[in-house]
Amino acid sequence: MEETREIENASRAALKQTRELVSEMRALKVDEEIKHMEQIVTAAEINFTYRGPEDLINLPPLTQNMVAMCIREAGTNIVKHSQATTCSVDIHIADGILSIVIFDNGIGINEDTAYGNGLKGMEERLTFIEGALHINSKQGTCLNLSVPLGGDWNMIRIVIAKDQRILRGAIGTLLDFEEDFEIVGQAGDGEEAMTMIQRGKPDICLLDKKWTRYR
Ligand SMILES: Nc1ncnc2c1ncn2[C@@H]1O[C@H](COP(=O)(O)OP(=O)(O)OP(=O)(O)O)[C@@H](O)[C@H]1O
Ligand SMILES: [Mg+2]
């Protein structure tokens with residue numbers, strides 16, 4: 001009886017922690033960055049248009065974060081360098097690919113302009129999530145960002161790694177009830193956890209404290 005309660009409490013705590021982690025990882029949000037960009041370009045008297053979905057909250061947390069940072073940098077660059085009178089952001093999700101086009105009608109980026117930290121960082125962030133950045137500067141500046149989302153991109157993928165089988169099962173069952181959570185692996189030891197992380201590419205891994213050396 002006592003043990004059942006302990007398992008129940010531990011599972012609830014794991015669910016609460018996972019929820020907190022998800023919202024922390026989504027601290028930077030794409031839709032908020034678009035609003036922020038609108039504010040800063042409008043303040044610089046540059047026209048702004050957004051075309052795309054209003055609700056982007058379900059993007060995978062890491063993608064959400066990385067793309068939001070790219071949009072912030074692109075907006076800052078437009079204000080700092082472009083001398084544009086108009087700019088736009090277009091977002092499409094099709095065939096498991098998120099594509100973002102950020103355009104401004106300004107002076108364009110010179111072909112031999114060296115990338116600064118801003119553009120380099122953008123490229124690195126996108127590469128990290130297996131995406132890419134293409135810049136076209138024939139007329140104004142057009143940044144094409146693309147990121148593969150995969151099939152079930154609107155699910156938070158979770159690996160649970162705990163050595164106590166019963167507790168692991170209970171946490172798994174509780175988390176699996178959440179509509180946006182998908183358990184992609186359950187591991188009983190650190191070795192197994194590493195394999196599941198590599199194979200399952202989770203957004204989150206609940207790792208047993210004992211195995212912190214695997215982090
Ligand atoms: N939208 C744009 N229009 C015109 N030129 C641009 C635009 N974005 C970037 N550039 C040019 O590309 C250069 C590199 O941009 P990048 O963001 O990498 O560096 P930065 O903005 O100069 O510095 P940092 O981002 O590190 O503060 C800029 O210095 C600028 O000359
Ligand atoms: Mg910059």
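**Helix packing and the ligand shell in a predicted model**

The protein contains six helices and eight strands, where helices (H or I, at least four residues) and strands (E, at least two) are DSSP runs numbered from the N terminus. This is a predicted model, in which local features need pLDDT of at least 70, side-chain atom pairs count only at pLDDT 80 or more, and totals for chains, interfaces and linings use all residues. Residues are numbered from 1 along each chain as its sequence is written, while chains are lettered from A and ligands numbered from 1 in the order in which they are written.

Read from the N terminus, the elements follow the order α-α-β-α-β-β-α-β-β-β-α-β-α-β. Along the principal axes, the C-alpha atoms fill a box of roughly 70 × 30 × 30 Å. Of the 215 residues, 31% count as buried; a residue is buried if 20 or more other C-beta atoms, placed from the backbone, lie within 10 Å of its own, exposed if 12 or fewer, and partly exposed in between. Among contacts with a separation of 6 or more, 72% join residues 24 or more positions apart, a contact being two residues whose C-beta atoms, placed from the backbone, lie within 7 Å.

A good place to start is ligand 1. It is surrounded by 17 residues, the closest being Asn-77, Gly-116, Asn-117, Gly-118 and Leu-119; here a residue is near a molecule if its C-beta atom, placed from the backbone, lies within 6 Å of it. Helix H3 (61-82) and helix H4 (117-128) each supply at least two residues of this shell, and H3 gives the most, with five. The shell has five nonpolar, ten polar and two charged residues. In this grouping, Ala, Val, Leu, Ile, Met, Phe, Trp, Tyr, Cys and Pro count as nonpolar, Asp, Glu, Lys and Arg as charged, and the others, Gly among them, as polar.

H3 and H4 also pack against each other, at an angle of about 160° and with their axes 10 Å apart. Axes are lines fitted to C-alpha atoms, for helices over the stretch in contact, and angles run from 0 to 180 degrees between N-to-C directions. The two helices are therefore roughly antiparallel; angles under 35 degrees count as roughly parallel, over 145 as roughly antiparallel, 65 to 115 as roughly perpendicular and the rest as oblique. On the H3 side, Met-66, Met-69, Cys-70, Glu-73 and Asn-77 meet Gly-118, Gly-121, Met-122, Arg-125, Leu-126 and Phe-128 of H4. These residues divide into six nonpolar, three polar and two charged.

Helix H1 (residues 2-25) and helix H5 (residues 165-176) form another pair, packed at about 50° with axes 9 Å apart, and are therefore oblique to each other. Residues Ile-7, Ala-10, Ser-11, Ala-14, Leu-15 and Thr-18 of H1 make the contact with Ile-166, Leu-167, Ala-170, Ile-171, Leu-174 and Leu-175 of H5. Ten of these residues are nonpolar, two are polar and none is charged.

Turning to single residues, Val-147 is found in strand E5 (residues 141-148). Val-147 is buried, with 24 other C-beta atoms within 10 Å. Leaving aside neighbours within four places in sequence, Val-147 is in contact with Thr-63, Val-67, Leu-98, Leu-126, Ile-129 and Gly-131.

Most residues other than glycine have a negative phi. Gln-83, in the loop between H3 and strand E2 (86-94), has a positive phi near 60°. Lys-201, in the loop between helix H6 (190-200) and strand E8 (204-207), has a positive phi near 40°.
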